[in-house]
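Dear colleague,

I am passing the structure below on to you, and after it I describe what was found there. Please read the notes with the coordinates open beside them.

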Amino acid sequence: MSTTEEQQTKKEKLIAQMKNWIEQASKMTKEELKFSYKGILYPSVLCSEETFQAMEKLEAREDDVLILTYPKCGTNWTLQILHEMLLEIYNKEPTMDKGMLEFGKPEKYEYLNQEPSPRILASHISYEIIPKTFFEKKTKMLLILRNPKDTAVSYYHFTNNNPVLPTYESWDLFFKDYISGNVIYGSYFDYTLQWEKHIDDGNILVLTFEDMKVDLPKELKKISDFYGLAMMDEQIKLVKEKTTFLSMKEKSSKTHGDLGIVFFRKGEVGDWKSLFTEEQSKEVDAKFEKYLAGTKLGNMINYEKYCKF
Ligand code: A3P
């Protein structure tokens with residue numbers, strides 16, 4: 001089988017798997033769609049305790065790319081960026097675990113261990129349960145942040161339109177769970193704050209969704225430098241063109257099947273104003289103040305600019 005055919009088969013397998021997940025979810029109640037593991041909620045169709053335990057079998061490599069995000073902070077965008085960058089540099093398709101590292105059957109890690117480098121992985125899990133092998137191998141990680149208000153609005157639409165996640169009858173009900181950390185993957189604020197003590201370890205590059213929107217080539221250059229890819233300006237430009245919101249949305253039914261439209265919704269900054277009440281806005285301000293104000297990551301989020309009415 002040629003490499004292109006192999007890639008085609010992998011894409012088809014992924015889309016078939018998504019269909020299967022949707023089918024499974026259609027037979028479950030809202031409550032059954034989530035389960036708790038070590039105090040945090042996860043999507044039952046995609047994750048399981050067995051898979052979390054089997055994750056320890058994964059052998060990290062120095063040349064892996066690991067993307068870390070709270071849901072809706074730009075995971076798929078960054079995955080595609082890294083895919084295009086590595087393809088450009090090595091002239092061959094990198095291994096890409098398109099679902100999250102924590103999705104799927106426990107056997108997946110044995111299979112991932114056999115896959116060639118470079119491998120691109122992404123995860124929403126917290127530091128505590130990321131396999132230690134990544135830290136031992138000093139795998140270079142990308143942490144992508146997004147302001148907490150746009151993240152909430154994006155998450156609300158996503159949970160209501162993605163059949164494997166629980167739906168909410170209203171934005172207000174979703175907001176209550178979001179602000180109290182009672183959503184899948186837990187609290188945005190806990191997730192973001194936990195990284196504060198690890199960002200100086202030397203192997204984490206932190207970027208923001210908003211900076212990527214303002215000047216994508218500048219952020220792409222940072223990624224290229226961080227991974228030692230030495231990309232030329234022309235190559236950066238090419239990657240930029242392939243990863244704009246519109247070009248990714250256009251290809252979304254090929255990359256994400258029927259869920260394409262759900263993953264690529266608006267891709268903008270400031271959409272929170274479409275749903276937030278003033279009171280809800282103040283609640284997030286207070287949480288931000290308590291958890292992240294004055295921290296390095298909090299400063300990177302540029303809260304004053306992106307989250308004030
Ligand atoms: P919106 O719901 O605000 O549109 P994730 O991949 O972590 O689930 O994040 C999804 C969010 O990233 C969605 O936000 C989606 O539209 C946005 N997104 C995806 N690709 C993008 C791109 N190339 N440029 C800008 N935003 C993008």
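K140 lies over the face of F226, at 5.5 Å from the ring centre, and R146 is likewise placed over the face of F209, with a distance of 3.8 Å from the ring centre. Please keep in mind, for these contacts and for everything that follows, that this is a predicted model.

As to rings that meet other rings, a search of the whole structure finds 30 aromatic pairs. One of them is formed by Y42 and Y185, an edge-to-face arrangement with 5.4 Å centre to centre and 85° between the planes. This pair links distant parts of the chain, since Y42 belongs to strand β2 (residues 40-43) while Y185 sits in the loop between α7 (171-179) and α8 (188-194), 143 residues apart. Y42 has a relative accessibility of 2% and therefore counts as buried, and Y185, at 6%, counts as buried too, the cut-off being under 20% relative accessible area. In the pair of Y70 and Y191 the ring centres are 5.9 Å apart and the planes stand at 55°, so this pair is tilted. Here too distant parts of the chain are linked, with Y70 in the loop between β3 (65-69) and α3 (75-90) and Y191 in helix α8, 121 residues apart; both Y70 and Y191 are buried.

Turning to helix packing, helix α10 (residues 216-226) and helix α11 (residues 233-242) pack at an angle of about 120°, their axes being 10 Å apart, and the crossing of α10 and α11 is right-handed. On the α10 side L216, P217, L220, K221 and S224 take part, and they meet I236, V239 and K240 in α11. Sorted by class, the contact of α10 with α11 has 5 nonpolar, 1 polar and 2 charged residues.

Some points of the backbone also deserve a look. Most residues other than glycine have a negative phi, and most peptide bonds are trans. A230, in the loop between α10 and α11, has a positive phi of about 45° although it is not a glycine, and with a relative accessibility of 59% A230 counts as exposed. N91, in the loop between α3 and β4 (95-96), has a phi near 55°, again a positive value in a residue other than glycine, and N91 is exposed, with a relative accessible area of 69%. Finally, a cis peptide bond joins S117 and P118, with omega at about -5°, and P118 is found in the loop between α4 (108-114) and β5 (119-123).

With best regards

How values were computed
Residues are numbered from 1 along each chain as its sequence is written. This is a predicted model: local features need pLDDT of at least 70, side-chain atom pairs count only at pLDDT 80 or more; totals for chains, interfaces and linings use all residues. Side-chain values use heavy atoms; hydrogens and water are left out. Axes are lines fitted to C-alpha atoms, for helices over the stretch in contact, and angles run from 0 to 180 degrees between N-to-C directions. Helices (H or I, at least four residues) and strands (E, at least two) are DSSP runs, numbered from the N terminus. A crossing is left-handed if the near helix is turned anticlockwise from the far one by less than a right angle, and right-handed if clockwise. Contact means heavy atoms within 4.5 Å. Ala, Val, Leu, Ile, Met, Phe, Trp, Tyr, Cys and Pro count as nonpolar, Asp, Glu, Lys and Arg as charged, and the others, Gly among them, as polar. Rings of Phe, Tyr and Trp (its six-membered ring) pair if their centres lie within 6.5 Å; planes under 30 degrees apart count as stacked, over 60 as edge-to-face and the rest as tilted. Buried means under 20% relative accessible area, exposed over 50%, partly exposed in between (1.4 Å probe, protein chains only). A charge sits over a ring if NZ of Lys or CZ of Arg is within 6 Å of the ring centre and within 35 degrees of the ring normal.
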